[in-house]
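Reader: I've got a new model open and I'd like to learn how to read it. Can we go through it feature by feature?

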Amino acid sequence: MASSTPKPPSEPQSFTEMGKEMLNIGGTCQYLTCDSYDFLPFRCESCHGRFCQDHRTEAGHKCAHAGEWAAKRLQQQADRMATSSSPKPTILTASQCSHPQCKTLIDTLNSVGVACSTCNRKYCLKHRIPEDHDCKNIIPVGARQSLRGPSQADKAKSALSRLKLWGKEKQAAVLPKPKPSTAASRAAALSQLKRAAKGDDKVPLDKRIYLHVEAEANTTTSKLPKGAFWYNKAWSVGRLLDDAARGLQVQNVNNRGGGEEERLRVFHVEGGRLLDFGEKAEDVLAQGNTIVLLRGVGPVSVDT
């Protein structure tokens, strides 16, 4: 049984096969020296003559209008491209990068425009990243300036001032006075701290470190302002912070990601600095020290 698979499309030719309309009449090849009769002749698309299979090409019958079909075909393609393609961008139709110091034309063939979803502006490739066009300090298009709120720089300055104030006030209140303080009074204070402290009973006695823990008023949803707790001195500061937040019932979203404005940090009053999450408690803290849970102060080190 013969296969019925259709033939693949062929390259354009300068002749057209004349099929069913010529089955009953056929035709004689119009080449001067041929005169052969063909029931299925070919028509030349340049001179519109009728030829047999041997003389169907322009070269085969020495066509007097050779090349006309190819020229028409190219012209038709050019006309289709002219009507379907968009007009070339010009200085009148293109727009400029929204960066105040950039004059690059965007939305052109040589430079595409990139829209910023935060400030609702379009920039060139050089200024497409938010940090490159200072996006955090730009009022979004269509937004009111009053709804923007304080910038990230203002928040950082406020947090830094708040941290310095905590350091000065708490150091003055917590650190022992040089003259009145004695070893006996410090031992008595530590003994009182141990009696009032709470913590995980699974922590061995020789591994415990006893601390005063406080939560700043701006540390939201804090139900207990301060308390006395013990922790495992081998813990990291990050783990100690998690346990301290549970003890004071402070909302802790550190493990959920997000920015520094919601992240809790541990401020060591005696050391006058923020503690890094990876530091060991036994390396940076001592028995009877005071730590404060602060929110939104950032990973900074402050000398008070």
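**Reading the model**

Author: Sure, let's begin with charge pairs: the structure holds 4 salt bridges. Keep in mind that this is a predicted model.

Reader: What's the general idea behind a charge pair?

Author: Side chains of opposite charge can pair when their charged atoms come close. Here, one of the cases is E45 with R43, whose closest N and O atoms are 3.5 Å apart.

Reader: How exposed are E45 and R43?

Author: E45 has a relative accessible area of 23%, so it's partly exposed. R43 comes in at 29% relative accessibility, which puts it in the partly exposed class too.

Reader: Which residue does K122 meet in a salt bridge?

Author: That's D107, with 3.1 Å from N to O. This pair links distant parts of the chain: K122 belongs to strand β9 (residues 121-123), D107 sits in the loop between β7 (105-106) and β8 (114-116), and they're 15 residues apart. As for cover, K122 is partly exposed at a relative accessible area of 32%, and D107 is partly exposed at 33% relative accessibility.

Reader: And what does R273 pair with?

Author: R273 and E279 join through their side chains in a salt bridge, 2.9 Å from N to O. E279 has 22% relative accessible area and counts as partly exposed, while R273 is partly exposed at 27% relative accessibility.

Reader: Let's move on to burial. Is H61 buried or exposed?

Author: Buried means under 20% relative accessible area, and H61 has 7%, so H61 is buried. You'll find H61 in the loop between β5 (50-51) and α1 (68-84).

Reader: What surrounds H61?

Author: Skip its neighbours within four places in sequence, and H61 is in contact with Y31, C44, C47, F51, H55 and R56. For H55 there's a polar detail as well: its backbone oxygen lies 2.9 Å from a polar atom of the H61 side chain.

Reader: How much of the chain is buried overall?

Author: Of the 304 residues in the protein chain, 33% are buried. On the outside, the chain exposes about 20000 Å², and carbon and sulfur atoms supply 53% of that.

Reader: Which residues make a nonpolar surface patch?

Author: Y37, F39 and L40 make one of about 310 Å². Take L40: it lies in the loop between β3 (37-38) and β4 (42-44), and with 34% relative accessibility it's classed as partly exposed.

Reader: Now strands. What should I know before I look at one?

Author: In a regular strand the side chains alternate between the two faces of the sheet. For the case here, try strand β11 (residues 226-232), which is mostly covered, with 5 of its 7 residues buried.

Reader: How does β11 pair with β10, parallel or antiparallel?

Author: Antiparallel: β10 (residues 208-215) and β11 share 7 bridges. To find your place in the pairing, pick H212, whose bridge partner in β11 is A228.

Reader: How many helices and strands are there in the whole chain?

Author: The protein chain has 6 helices and 14 strands.

Reader: And how many of the contacts join residues far apart in sequence?

Author: Look at contacts with a separation of 6 or more: residues 24 or more positions apart account for 50% of them.

Conventions
Residues are numbered from 1 along each chain as its sequence is written. This is a predicted model: local features need pLDDT of at least 70, side-chain atom pairs count only at pLDDT 80 or more; totals for chains, interfaces and linings use all residues. Side-chain values use heavy atoms; hydrogens and water are left out. Patches are made of residues with over 30% relative accessible area and no salt bridge: like charges are joined within 9 Å, nonpolar side chains (Val, Leu, Ile, Met, Phe, Trp, Tyr) within 5 Å. Accessible areas come from the Shrake-Rupley method with a 1.4 Å probe; for residues, only the protein chains shown count as cover. Helices (H or I, at least four residues) and strands (E, at least two) are DSSP runs, numbered from the N terminus. Buried means under 20% relative accessible area, exposed over 50%, partly exposed in between (1.4 Å probe, protein chains only). A polar contact is a pair of N or O atoms within 3.5 Å; within protein, one must be able to donate a hydrogen and the other to accept it, and residues adjacent in sequence count only if both atoms are side-chain atoms. Contact means heavy atoms within 4.5 Å. Two strands pair if DSSP finds at least two bridges between them.
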